[in-house]
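User: I am new to this model and would like to know what the terms used for it rest on. Please take them one at a time.

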Amino acid sequence: MGDAEAMPQGYPSAAAAGTLPFVGRPGGRRIHSGVLSSPPAAMRLSKFHLATVKEVPADADVVSQRLMIRAGMIRKLAAGIYTWSPLGLRVLRKVEGIVREEMDRAGALELSMPSIQPKELWEETQRWAKFGGQLLKIRDRKDAEFCYGPTHEEVITDFARNELRSYKQLPINFYQIQTKFRDEIRPRFGVMRAREFLMKDAYSFHLDPECMAREYRNMYRAYARIFTRLGLRFRAVMADSGAIGGNASQEFHVLADSGEDAIAFSDGSDYAANLEKAEALAPEYPEPAFFDEMRKFATPTQTTCEDVAALKGVSLSETVKSVAVVGEQGFVLVLVRGDHSVNEVKLQKVDGLSEFRLAREDEILDYLGCQPGFIGPVNPRKKITIVVDRSVAVMPSMICGANEAPFHLENVKLGRDFQQDWVADVRSVVAGDPSPDGQGTLSIARGIEVGHVFQLGQKYAEALKATVLDANGKAAVMYMGCYGIGVSRIVAAAIEQNHDDNGIIWPDAMAPWRVAVCLINPKNDPKVAEAAESLYRDLAAEGVEVVLDDRGLRPGVMFADIELIGIPHRVVVSERGIAAGTFEYRARRAAEAEALTREQVFSRLGL
RNA sequence: CGGGGUGUAGCUCAGCCUGGUAGAGCGCUACUUUCGGGAGGUAGAAGUCGGAGGUUCGAAUCCUCUCACCCCGACCA
């Protein structure tokens, strides 16, 4: 799959990252540094705090987390809460700087909102109650309630309603790069799923939906530029808008096998969507000539679809899985094919299930008259609601639980043996399903969500009464867009995508330094230190971000460190190189080092 | 929230079952020999054994409570 497919016209593919004209070039004076104050471009490791470690805590369960800890980029303070060391922060700032430059370039205006937000504001949008346990609530000394901001729709909309009075002030897009806190049920994977994290969030305000849609496309393009400049392989996909709310919504995913999200994409078109969202079409079945009577058969030990299918010697797709849930209006049985799985997000869209939970065993017994393992839609003990997936609705007949242990039923026919209340798309797509746009079939890949763009519409502006006067002098509720990027998560995602057995391999744009100059046995020959110092100074003078490893360590230790922290280019200065008039150059991904003259080294670095 | 597990030196861990003087490796400090892929030797510093209570002559070890952290689950019946 090519990244370019997900990108708007006219932008280079990710493969070209690092050669784009707007990448900060050595020697080129940046108009603005991208951060309030940049760390020094050149650095001696003897003056730096490099804190690599050989052993890692056993609980680091993902590559990026292990490598970030080993490289000494992060240290855990508490569950999902990390300190960024000087090294880690250099990388984080690189990402932040690129995000900031591209947001500025796209016309957004940076501001900074409080991380602590009053309860009252969140009550105006009902989200104090609805946001759930992720909202970290705190009290001040007067016992007034606040939350640590997990997102800033409320605050920005409050700001906008006070600041924006006229349609002439629109459209406008405000953004900030700020630490947020979401009290995750289970923080894990280091900074990839942390509770405290750095996020860029932007909010745009418009008089009409067309304008909102234009800015949405503008932000989409800005995001594509950001991830391209960062040198990441990524893909934009259609998304469910979830708790934030709103209409159109797309996510940007960094592709990595370890990603927490599954994304579905077509091999025959541009279609790509989060698995939560990807529409599942019903297959077509040949019309059967006649129907057999429903029949009960014994399944003494078979409680799963897999076991029952194996017992009958039929395909899993001929069985039906019954999932019991309890929604606002009571007990609901959800039917999906044995080879499919229920999609929670889709199920929430069914009437009466916007909030649901799995049924408890006693509830299942009460409504169906049978314990789990043998439940089904036929002859429940009490009146229940039955939701049938599209694929189940077209099955000529099915095998399902009999609501009587230990039995299942075969030749069960919808409409004859039981009645459904709803037919809906409630399953997740699987690889091989037809693409919903009718072109090609779907494949599933894994991704790490690093960006999300939404068209919010008037949801928040309405709740908070954020209006401007339009050209007719009438109050108009503004339309909003919101656009997030997980800055700290990008650092982890980049490592997931770019590493080897020796450590991290930074894309040039994210590397803490672009070049490392290493000294071998400088004590033996003063010329080594002289040559290294002069190379270091000259590279620094050219504006290259260069680090001099003058720690005086043994070569093996030094090389291992430089590789672990992922410096893209390494130049070794040694006695024997001096004698031959060369330096030893090695790109991080290269298998072998090569002996180059000083001029060749500079030209390798594009100088 | 349910289940399971772990807290012992800066880090990774052993010791706990079967109570009796606090251990190893890595890291750190000093000296020394080394010096092109995580060196060797010698000497050394370093731990309220997560916390509180209890049992006992005696508790890292047994019991109770508590805190923290981790894993699995919390749609696939």
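The questions below go through the RNA surface, a sheet and one loop residue of this predicted model.

User: Why is Asp-140 called partly exposed, rather than buried or exposed?

Analyst: Its relative accessibility is 27%. Buried means under 20% and exposed means over 50%, so a residue at 27% counts as partly exposed.

User: Where does Asp-140 lie in the chain?

Analyst: Asp-140 is in the loop that links β6 (136–139) and β7 (145–148).

User: What makes the approach of the Asp-140 side chain to Ala-144 a polar contact?

Analyst: The side chain of Asp-140 comes to 2.8 Å from the backbone nitrogen of Ala-144. The cut-off for a pair of N or O atoms is within 3.5 Å, so the pair at 2.8 Å counts as a polar contact.

User: How do you know that Glu-563 and Arg-570 make polar contacts with RNA strand B?

Analyst: A polar side-chain atom of Glu-563 is 2.5 Å from a base nitrogen of the strand. For Arg-570, a polar side-chain atom is 3.1 Å from a base oxygen of RNA strand B. The limit is 3.5 Å, so both pairs count as polar contacts.

User: What part of Thr-303 approaches RNA strand B, and what does it approach?

Analyst: A backbone N or O atom of Thr-303 lies 2.9 Å from a sugar or linking oxygen of RNA strand B.

User: Which residues come nearest to RNA strand B?

Analyst: There are 43 residues around the strand, and Arg-186, Val-342, Gly-373, Asn-521 and Ser-574 come nearest. By class, the residues of this surface are 19 nonpolar, eight polar and 16 charged.

User: Which element supplies the largest share of the surface near RNA strand B?

Analyst: That is α14, with seven residues. The helix spans 555–564, and β15 (320–327) and β31 (583–587) also supply at least two residues each.

User: How do you know that β30 and β31 pair?

Analyst: Two strands pair if there are at least two bridges between them. Four bridges join β30 (residues 569–573) to β31, so the two strands pair, and they run antiparallel. Val-572 stands opposite Glu-584 in β31.

User: Why are β1 and β32 called edge strands?

Analyst: The open sheet has six strands with mixed pairing, in the order β1-β29-β28-β30-β31-β32. β1 (43–44) and β32 (594–596) each pair on one side only, and they are the edge strands.

How values were computed:
Residues are numbered from 1 along each chain as its sequence is written. Chains are lettered from A and ligands numbered from 1 in the order in which they are written. This is a predicted model: local features need pLDDT of at least 70, side-chain atom pairs count only at pLDDT 80 or more; totals for chains, interfaces and linings use all residues. Side-chain values use heavy atoms; hydrogens and water are left out. A residue is near a molecule or strand if one of its heavy atoms lies within 4 Å of it. A polar contact is a pair of N or O atoms within 3.5 Å; within protein, one must be able to donate a hydrogen and the other to accept it, and residues adjacent in sequence count only if both atoms are side-chain atoms. Ala, Val, Leu, Ile, Met, Phe, Trp, Tyr, Cys and Pro count as nonpolar, Asp, Glu, Lys and Arg as charged, and the others, Gly among them, as polar. Buried means under 20% relative accessible area, exposed over 50%, partly exposed in between (1.4 Å probe, protein chains only).
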